[in-house]
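Biologist: I should like to learn how to read the features of a protein model. May we begin with the contacts between charged side chains?

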Amino acid sequence: MSVIEQTDTSAQTPVVTEIPEAPVSILIAALGGEGGGLLTDWVVSAAEQEGFIVQSTSIPGLAQRTGATTYFVEIFPTSASALNGRLPVLTLLPNPGDIDIMVASELLEAGRAIQNGFITPDKTTLIASTHRVYATIEKAAMGDGRTDTTRIIAAAGEMSREAILFDMGKVALESGSVINSVLLGAMAGSGRLPMKRETLEGVIREGGIAVENNLQGFAAGFDLASAKTSDISSSEPRTAHKTTVLSPGALAERVDREYPGPALAMVNEGVARLIEYQDAAYAGLFLDRLDPVRDFDQANGGEDSGFEITIEAARALAHWMAYEDVIRVADLKTRPDRLPRIRSDLKAGPDEPVVVIDFLKPGLEEFCSIMPGFIARPLIGWATRNNKLDSFNFGLHVTTSGVFGYSMMRFLAKLKGIRRIGHRYASEQALIERWLLSVKGALNLDRHTGMEVIACARLVKGYGETHRRGSSNLARILGELIEPALAGSPTALADQVSKARNSALADSSCAELDSTMATLITK
Amino acid sequence: MERSFKKEVQSLRLGDGDTFHGEGILAVTKALLQSGVSYVGGYQGAPISHLMDVLADAQGILDELGVHLETCANEAGAAAMLGASINYPLRGAVTWKATVGTNVASDALSNLASAGVKGGALIVVGEDYGEGASIIQERSHAFAMKSQIWLLDPRPNLTTIVDMVEQGFQLSEASSTPVMLELRIRACHVRGSFETKANRQPEFSRRNVLENPDFDYGKICLPPSTYAQEKQKIDVRLPAALDFIREHQLNEFFDGDKDDVGIIVQGGHYNGVVRALQQLGLANVFGESQIPIYVLNVTYPLVPDEFVQFCAGKKAVLIVEEGQPDFIEQAAHSYLRKADINTTIVGKDVLPMAGEYVAAVLQEGIAKFVEGTQPAGVDTSTVVDTVARISGYKAKAAELLGEPVPPRPPGFCVGCPERPVFSAMKLVEQETGPFHVSADIGCHTFSTLPPFNMGNTVLGYGLGLASSTGVGPNFGNRVVSIMGDGGFWHNGLTTGVANAIFNKDDSVLMIFNNGYTSATGAQHIPSTGTNARLEPTGQDIVSALKGVGVKWIKRVRTYHVSEMRKVLGDAMTTKEGGLKVIIADGECMLAVQRKKKPVDRKAVADGDRVVRSRFGVDEACCTGDHSCVRLSGCPSLTIKSSGDPLKSDPVAHVDEGCVACGLCGENAHAATLCPSFYRADVVQNPTAFDRMVERWRRRYISWLGGSAPATGDVA
């Protein structure tokens, strides 16, 4: 470091200023409309106020329009007057191996920065929020298309000099601020920004918008960063874990008596779900169907695998048995906890009325689902032949928070009592039994094949056309692939089933399934 | 306009010796005023959209100086505007986006360049190349060469950029030639500082008008003038330009002690090259480089003797020239050959022929150059090791990440009025079977991305319909063409609509009427109703359509998916021939929210009754199929882990960003999706009546066993 003498105008005594050898390079990766531009302005203004030489630029692209955007700032932490006419050359291109502070407002964008080589162990402090804003291709998948972020988090730790990670979205929400004030606080707290905390807070004040909240966000970010927080727990769990305790009774005793510990949580969940869905008898039917699977599991080393077969079968079976029909939907939409939940989601004040409008479009299928088979079957048969299944749907805007809307929904929910005579009930139970038969057959081959067939229940979901597609895809995989195979002497059935299932989930037209089945059947 | 510069434009008033702090675009505007322009104009488009916005917001200051601002219909109009400088000593500047703009401007531009100018004529071109670019990747350089227009590519710091604007006008006048100033995306958005001069009153302007029109057949583009003009370009204007560039040292030489090699660089890439050298230990932070550098702030015309002078006595020279073809490198070869100098020229053999010169590319290219030429006194090994170390990190990162992170392209904003139209088109396709879509330039081009993946071709701004005329007749189904209102006024009305009527084309045109050129930042257009100065204009799309003879015109609110589905279905199947135009009405949601938010905030504060709405998904009803997402792609319609142990797939979820545009409900109906969606209206500052109704509803519902009124009592 070269050292030169300079008389500071404010102080009487000459002060010694060290001339840095390189600027502080800051790369900010944000999402369009998140205020990355404002964050950059805060940093630049603060640097200017401290008399530093600073330059920023950006690739906003279509910044407002939700895409990934980057901002780049270089601060030369000394005043021009100290340089005797020489000026640093600040670049507009973020330089791999040269980034001091990498800021990412979202976890996937942190991953992108790592991928582009901007985060290097010798230099870069990574400051990233662990919350997720899902990319369209993650959201649009028919199953679970979310990126597994564990690798990103691992890479963040390994590739950076230090990684400051926490859910800044949550912190912003708690402090009533926006994420960029939390990010600014975290940058300051990391100790790598050359500007003083007061200067940065001053810049926020000058902004004049939501000052107090932004200062709170800043403070929260500052504290967590200066504590070198690396809290990845706050990123949302991918699957729910909750333990349901059954109210005492015959079913509760039966489960406790007959089911192994590891499976209890899921089986209890299933029993509870089906009691509230229909009644105790229906929950009993669930256990009767599950028993043989459990027996097989216990007899074939389920112990060692934590009874995963019993657990997965319980999950799939219970979820399917609690299929969503008109009655179920009406029931769910008139639950006592629904309106309160919506009120809190919208942060509605205690004396602010909330009107809830539901968008329903019942049609022939919904009508037939509660009609007995001898009426429903011919109707549906006729409609299917003439491609009129969706022709009689009528759109309803039901004000469920109102007297009439609520009464109507409540009435539909009450039809629970006659669900069993309905056509939908009969058809679902038939397909369930058929699937269970194949599950047992597959289990007799080996556990792996069994698991694959169990997983096929995932295909049956949704409403209207989606549900029709799912059911017929499953029926097709059972009828054309699994059942014939089990009747004969199957080879590599597990592999074939998973191929077929995945292609059924791959696209909403059945094109991919068609081609896969074609290749599988010809074998 | 999306962004207001009302505050920033005050810095356009700065005088001699003041210090300007701000964005590159604003600095250029200041430079124009310091140069005493009489008129300015242009057509918006990233990265120079803000130049138009700044000028519009600076109207007051422009009036004081008598400067006229024209927000032109398109780039051709902007280029034609420069005609003012052909006969008269008027300085003028226009701006547009990259080669796409220059393409549109070419006709006027060629004629302007041939006639030559008396007053300085400057074209500020925002080069949209590389990361963040939204257009086809080409160079402006070729245009400068073919028309003999001079091309400036200044070092990307505000002082140099401003200086080159001022020098550009002088160069233009000294050589009677229009001048292009090329600014790359990062340079347009660079925020820095420079020392200002006072603004200059133009000699002639609205305040001091011209008296006598000048007629000179020599300036008309007809023979024999055109022959004379071409000769003059080469015999008079080019030499004059070269003299000016030499005398005023527009290009810069930086010495270095390792002078058996050298680097020749486009001004715009100087900072990147210096940083790469610094990283390789060959320069310091002040740009003091061990290797001599010749900076081309003027990339056309090149000054042959400067090349010769720089290369003489060097064993090798690296030319850093972004994009293709390698015009500068080729020229350098011929200059040295003619001067019989054997310096090796290195360029596209160590740097890529195509693609942006980002930091890593420059680093590796320069390292290869040093390694290959072994300059005396340079420790080549450290250079090579540095690059190896840095690229090693990238390899390691890729290994740790396993698979590449999913891309995140831009898309329709929350509540965008254009999204529902493509939802409807998807639904229509289910009935009619797939059809060819001639897409256009604008926000609606995002339809080509997931989840819609609609739009088979994009041929240019306002050319959606025109690009359907060849393919249309070759399809069984009718072809659907897309056009934004921006593209419609840019040239779509004539090139597309009038032509389709004229040729009796049987096709369907969807015009997105969102009120602005939204993709470029919501600048006003004829059908906005007002111009940039907010003066009413009384122009609209329907009367324009009728005026050119369109009979079949239907207007549909974009958010009414079912109706849009029906109308488009009719247009596709009706026996009626000819052009069928559907106007999809829906104001840009960004603009709507910009206006609505402050109004609502104030109303709530004033205690007025305000209804706040948001959509939601009943988690328990959602089966995690995500067909709603595939039909919408709205940023605020997202997914979250299901709270239900029985459901393994994530469920749909509407986040706080929702502006209740209504699409979710519309789709749920139009597509018979599922009953999971609901809309919730929160009544803020409820009236006594609201409270009473709410009270009775809650009593009734809790009586039926619904929600207990415990959650907040209605007073």
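Modeller: A salt bridge is a side-chain nitrogen of Lys or Arg within 4 Å of a carboxyl oxygen of Asp or Glu. Please keep in mind that this is a predicted model. In it, the side chains of B:Asp618 and A:Lys333 meet in a salt bridge, at 2.6 Å from N to O. The pair crosses between chains: B:Asp618 is in the loop between β23 (610-617) and α21 (627-630) of chain B, and A:Lys333 is in helix α13 (residues 326-333) of chain A.

Biologist: Are B:Asp618 and A:Lys333 buried or exposed?

Modeller: A residue counts as buried when its relative accessible area is under 20%. B:Asp618 has a value of 4% and is therefore buried. A:Lys333, with 2%, is buried as well.

Biologist: With which other residue does B:Asp618 form a salt bridge?

Modeller: B:Asp618 also forms a salt bridge with A:Arg341, and the closest N and O atoms are 3.3 Å apart. A:Arg341 lies in helix α14 (residues 338-345) of chain A, while B:Asp618 lies in its loop of chain B, so this pair too joins two chains. A:Arg341 is partly exposed, at 36% relative accessibility.

Biologist: How should one read a salt bridge inside a single helix?

Modeller: One looks at the spacing of the partners along the helix. The side chains of A:Glu269 and A:Arg273 meet in a salt bridge of 3.3 Å, N to O. These two residues are 4 apart in helix α10 (residues 261-277) of chain A, which means that about one helical turn separates them. A:Glu269 is buried, with a relative accessible area of 4%, and A:Arg273 counts as buried at 11%.

Biologist: How many salt bridges are found over all chains?

Modeller: A search of the whole structure finds 82. Some salt bridges share partners and thereby form a network; one such network joins A:Arg254, A:Arg257, A:Glu258, A:Asp288, A:Asp291, A:Arg294 and A:Asp295.

Biologist: Let us turn to nonpolar residues. What is a nonpolar core?

Modeller: It is a set of buried nonpolar residues joined through side-chain atoms within 4.5 Å. The largest one here has 79 residues, of which B:Leu32, B:Trp96, B:Leu109, B:Leu122 and B:Leu171 touch the most other members. This core draws at least three residues from each of domain 1 (8-247) and domain 2 (252-401) of chain B. Apart from it lies another core, of 58 residues, among them A:Phe286, A:Leu287, A:Leu443 and A:Ala500.

Biologist: Which residues is B:Leu32 in contact with, leaving aside its neighbours within four places in sequence?

Modeller: They are B:Val37, B:Val40, B:Ala93, B:Leu122, B:Val165 and B:Phe169. One may read B:Ala27 in a similar way. B:Ala27 is found in helix α1 (residues 24-34) of chain B and is buried, with a relative accessible area of 0%. Beyond its neighbours within four places in sequence, B:Ala27 is in contact with B:Phe20, B:Leu158, B:Val162 and B:Phe194. The C-alpha atoms of B:Ala27 and B:Thr196 are separated by 9.3 Å, although the two residues are 169 apart along the chain.

Biologist: Which residues make a nonpolar patch on the surface?

Modeller: B:Phe215, B:Tyr217, B:Ile220 and B:Leu222 make a nonpolar surface patch of about 410 Å². B:Tyr217 is found in the loop between β8 (191-195) and α10 (225-247) of chain B. At a relative accessible area of 35%, B:Tyr217 is partly exposed.

Methods
Residues are numbered from 1 along each chain as its sequence is written. Chains are lettered from A and ligands numbered from 1 in the order in which they are written. This is a predicted model: local features need pLDDT of at least 70, side-chain atom pairs count only at pLDDT 80 or more; totals for chains, interfaces and linings use all residues. Side-chain values use heavy atoms; hydrogens and water are left out. Buried means under 20% relative accessible area, exposed over 50%, partly exposed in between (1.4 Å probe, protein chains only). Domain bounds come from an automatic or database domain assignment. Contact means heavy atoms within 4.5 Å. Patches are made of residues with over 30% relative accessible area and no salt bridge: like charges are joined within 9 Å, nonpolar side chains (Val, Leu, Ile, Met, Phe, Trp, Tyr) within 5 Å. Accessible areas come from the Shrake-Rupley method with a 1.4 Å probe; for residues, only the protein chains shown count as cover.
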